[in-house]
Amino acid sequence: MSRTSLKQELAALTAVTPGGVVTVDLASRVLGLPARAASVRLAALARAGWITRVRRGVYFVLPLEAPSVASTAPEDPWALANVLYAPCYIGGWTAAEHWGLTEQLFRSTFVVTTANIRVRDASHLGAVFRLVRVKRDRLTGLTAVWRRSGRVLASGPERTLIDGAVDPGWVGGVRHLAELLGAYRERPDADPHAVMRALTAQGNGAAAKRIGYLTEHVWPEAAGLVAGALAMRSAGAIKLDPHVVARGPLDTRWGLWTNVGVPETAHS
């Protein structure tokens, strides 16, 4: 196939690709070719140096100004994650950053997926991903976020808080979760009822204990959320932060080993 024809096909793909990510299925639809022929075309474009292979069946269109593949990174890691780890959503600390709940910057993009992943941390084209695997029923109640690369599912502000209460490691620990809750409280659209709905839909007894305890410290006027969390408590005692070895004193009201102190900056 001529170099001119390859350029024309590259232009056709670039016009429709989300964030520069091209799959064999997408190429098959755009170029009107069977999947095997589309795969051969993508391999030819890669040999020509116009795209680079990310993994089997997934390629990335190199910017014209890129001096080398090594210096290239995807414009939007969300778009790459949306293809590599589908079905998935962007959550945890990345969602917290997106919604303005934290000024802390995390190097990796947090991806919640139902895909069969083998590693917790992965890197593609210089983009770093933190991966967690969940059951398919966790991929409900999400928010569609429109990026330049297209539509990507993410946890909304309230869902991000509850995901962090289920597993504080998703947002960098309980101390950071308290800060996120404090930041959420300051939003003009802060709604304790919306947090409670997210807790009811996606939380569990452990999450209820953590979010209720933190709400009493960070957002004491949200009495309805505190009462709802109290009603959802599970039996027995758990650690406030399960990733901290120390157990700490027991808060009998919440059934929590308070092994992490709530930051003073979170109080008001």
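**Exercise 1. The turn at Leu125**

Leu125 sits in the loop between β6 and β7; work out what its backbone is doing and whether the residue is buried or exposed.

*Solution.* Before we start: this is a predicted model, where local features need pLDDT of at least 70, side-chain atom pairs count only at pLDDT 80 or more, and totals for chains, interfaces and linings use all residues. Residues are numbered from 1 along each chain as its sequence is written, and side-chain values use heavy atoms, with hydrogens and water left out.

Step 1: get the labels straight. Helices (H or I, at least four residues) and strands (E, at least two) are DSSP runs, numbered from the N terminus.

Step 2: check the backbone. Leu125 is not a glycine, yet its phi is positive, about 55°. Most residues other than glycine have a negative phi, and most peptide bonds are trans.

Step 3: look at the surroundings. β6 and β7 make a hairpin with two residues between them, and Leu125 is in that turn.

Step 4: check the accessibility. Buried means under 20% relative accessible area, exposed over 50%, and partly exposed in between (1.4 Å probe, protein chains only). Leu125 has 17%, so it counts as buried.

**Exercise 2. Strand β7 and its partners**

Which strands pair with β7, and in which sense?

*Solution.* Step 1: recall what pairing takes. Two strands pair if DSSP finds at least two bridges between them. Strands of a sheet pair through backbone hydrogen bonds, either parallel or antiparallel.

Step 2: go to β5 (residues 109–113), which runs parallel to β7 over five bridges. Here Thr109 has Phe129 of β7 as its bridge partner.

Step 3: go to β6 (residues 121–124), which pairs with β7 in the antiparallel sense over four bridges. In this pair, Ser123 is opposite Val128 of β7.

Step 4: ask how covered β7 is. Six of its seven residues are buried, so call it mostly covered.

**Exercise 3. What Arg130 touches**

Find Arg130 in β7 (residues 127–133), then list its contacts beyond four places in sequence.

*Solution.* Step 1: use the cut-off for contact, which is heavy atoms within 4.5 Å. Skipping neighbours within four places, Arg130 is in contact with Trp93, Ser108, Thr109, Phe110, Val111, Arg120 and Asp121.

Step 2: pick out the polar contact. That term means a pair of N or O atoms within 3.5 Å; within protein, one must be able to donate a hydrogen and the other to accept it, and residues adjacent in sequence count only if both atoms are side-chain atoms. The side chains of Arg130 and Asp121 make one at 2.6 Å.

**Exercise 4. The two sides of α3**

Where are the buried residues of α3 placed around its axis?

*Solution.* Step 1: size up the helix. α3 (residues 35–47) has 13 residues and spans 18 Å from its first C-alpha to its last, close to the 18 Å expected at 1.5 Å a residue. The expected span is 1.5 Å times one less than the number of residues.

Step 2: name the buried ones, which are Ala38, Leu42, Ala44 and Leu45. They cover an arc of only 155° around the axis, which puts them on the same side of α3. The arc is that of the directions from the helix axis to the C-beta atoms.

Step 3: turn to the face pointing away from that buried side, where Arg36 and Arg47 are exposed.

Step 4: follow the chain onward. After α3 comes Gly49, with a positive phi near 85°.

**Exercise 5. A three-strand sheet**

In the open sheet β1-β3-β2, which strands stand at the edges?

*Solution.* Step 1: note that the pairing is antiparallel. β1 (21–23) and β2 (51–55) are the edge strands, each with a single partner, so one side of each has no neighbour in the sheet.

Step 2: add the twist, which averages 35° from one strand to the next. Axes are lines fitted to C-alpha atoms, for helices over the stretch in contact, and angles run from 0 to 180 degrees between N-to-C directions.

Step 3: zoom in on β1 and β3 (residues 58–61), joined by three bridges. Val22 is opposite Tyr59 of β3.

**Exercise 6. A peptide bond to spot**

Is the bond from Ala86 to Pro87 cis or trans?

*Solution.* The bond is cis, with omega near -5°. Pro87 belongs to the loop between α4 and β4 (88–90).
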